[in-house]
Amino acid sequence: MRLICLVLGCMAWDAWSANQVVWHPKARTFDLRVKDVPLEVFLGMIKAETGWEVKVEPGLQRVVSGKFRDKPAADAIRLMLGRVRFAFLPRVEGGTRLIVYAGSMRGATRAVAAVEQTAADDGNPDEALFHLPVKIHYMKSRYVSINADAKITDLRPLFAGANEIWGQGKIRFSPGRPEQLLPANVAAEKEFADLFKPNVPSAYVRLHQSRILHRMIPDFPDRGKVFRVVVLYTMPDAFGAVYMPKKGVVLMPQVKFAGLIDKGGVWKDGSPVFFAQSNILAHELGHALGLPHVSTQGNLMIDGRLREGGGVGPGTKLNEKQIQAARAQAKTGGPRVSGINPQAGD
Ligand SMILES: [Zn+2]
């Protein structure tokens, strides 16, 4: 917010709050509706939405406007930037770097700061679209196995991927600014950390992990009214993410589980793991919207144990009945939490 005020002097806030950049990471296309936005603000929106690293040559002045859907990334950026030059470069750490410059690439020395888009869908012509804010919490802990580092997981690309899937239901999730979260119970925090010790049998972990997590994650007073993702560092036993239906919380480890940390071990924008993980986030948000498991191959809500074939994570398809049920829940503005906002089927 502060950056925008610096750039635009705040007065133009209303004018640009209706601007929207939507990234579809699997198709690698943009939907875009932008009017008279300074170049660096536009690039900041691109960064916030895609999770890319964006660098610009200092002093480049341009005001950009454009409106289109499903435009491949390079075409979209070319249309917006006009004669300003750009390049996409892969990053060693994974993901994409966008370089914007006038003369030579080496001139692009300034890292662009992310510019968050407003969650409000003011000016959105699509009235059928449900826009659901999601609160993001990073678990803070003195145990490294629990303590989540906001710097190593960029949730934006994950949400972009989940939104690409939920687009078929006209439901869009908007992650808010990450906040820190302390464990609700220090004894449970220690018990959970102890599950990572080398001699703990995995049967013991499976038996107690869920119970301990339920004590460690707080009961938020507004549960059932607010969608939440709680991020912790890793798990002693694997899952990509899980919806905790009594808490109204999607719990996500940054590293899928402690035994499988490879080089870096974190979710990377653009990697095959990332795509799988955005499927998993979309699946858990499906549970948050009240959808149970199904046995249909290729469906977003397939029971993981019934899934056939290779790859990681569920399919992406939703049937009409699932879409109607999810939209009925989305209409309440909050996730399904048993005992708080029960619907048929609870
Ligand atoms: Zn599930």
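Here are three short exercises on this predicted model, each with a worked solution.

**Exercise 1.** Work out which strands stand at the edges of the four-stranded open sheet.

*Solution.* Start with the strand order, which is S5-S6-S3-S7, with mixed pairing. Next, look for strands with a single partner: these are S5 (85-90) and S7 (110-111), so each has one side left without a neighbour in the sheet. Now zoom in on S5: its pairing with S6 (residues 96-101) is antiparallel and runs over six bridges. In that pairing, Leu89 sits opposite Arg97 of S6. Finally, see what packs on the sheet: helix H3 (residues 39-50) touches S3 (53-56) and S6, and its direction makes about 165 degrees with that of S3.

**Exercise 2.** Decide how H3 and H5 are oriented relative to each other, and find the residues that make their contact.

*Solution.* Two packed helices are described by an angle and a distance between their axes. For H3 and H5 (residues 155-166), the axes come within 6 Å and cross at roughly 75 degrees. Angles of 65 to 115 degrees count as roughly perpendicular, so that's the label for this pair. As for the contact, H3 brings Ala48, Glu49 and Thr50, while H5 brings Arg156, Pro157 and Ala160.

**Exercise 3.** Find out which domains feed the largest nonpolar core, then explore the surroundings of Val230.

*Solution.* First, the core itself: it has 78 residues, and Val230 is among those with the most contacts inside it, as are Phe42 and Ala162. Domain 1 (14-111) and domain 2 (130-331) each supply at least three residues to this core. Now take Val230: leaving out residues up to four places away in sequence, Val230 touches His137, Met139, Leu181, Ile217, Val249 and Leu251.

Key
Residues numbered from 1 in each chain as written. Predicted model: local features only at pLDDT ≥ 70, side-chain atom pairs only at ≥ 80, totals over all residues. Core = buried A, V, L, I, M, F, W, Y, C linked by C-beta atoms within 7 Å. Buried ≥ 20, exposed ≤ 12 C-beta atoms within 10 Å, placed from the backbone. Domains from an automatic or database assignment. Contact = placed C-beta atoms within 7 Å. Pairing = 2+ DSSP bridges. Helix = DSSP H or I, 4+ residues; strand = E, 2+ residues; numbered from the N terminus. Axes fitted to C-alpha atoms, helices over the stretch in contact; angles between N-to-C directions. Parallel < 35°, antiparallel > 145°, perpendicular 65-115°, else oblique.
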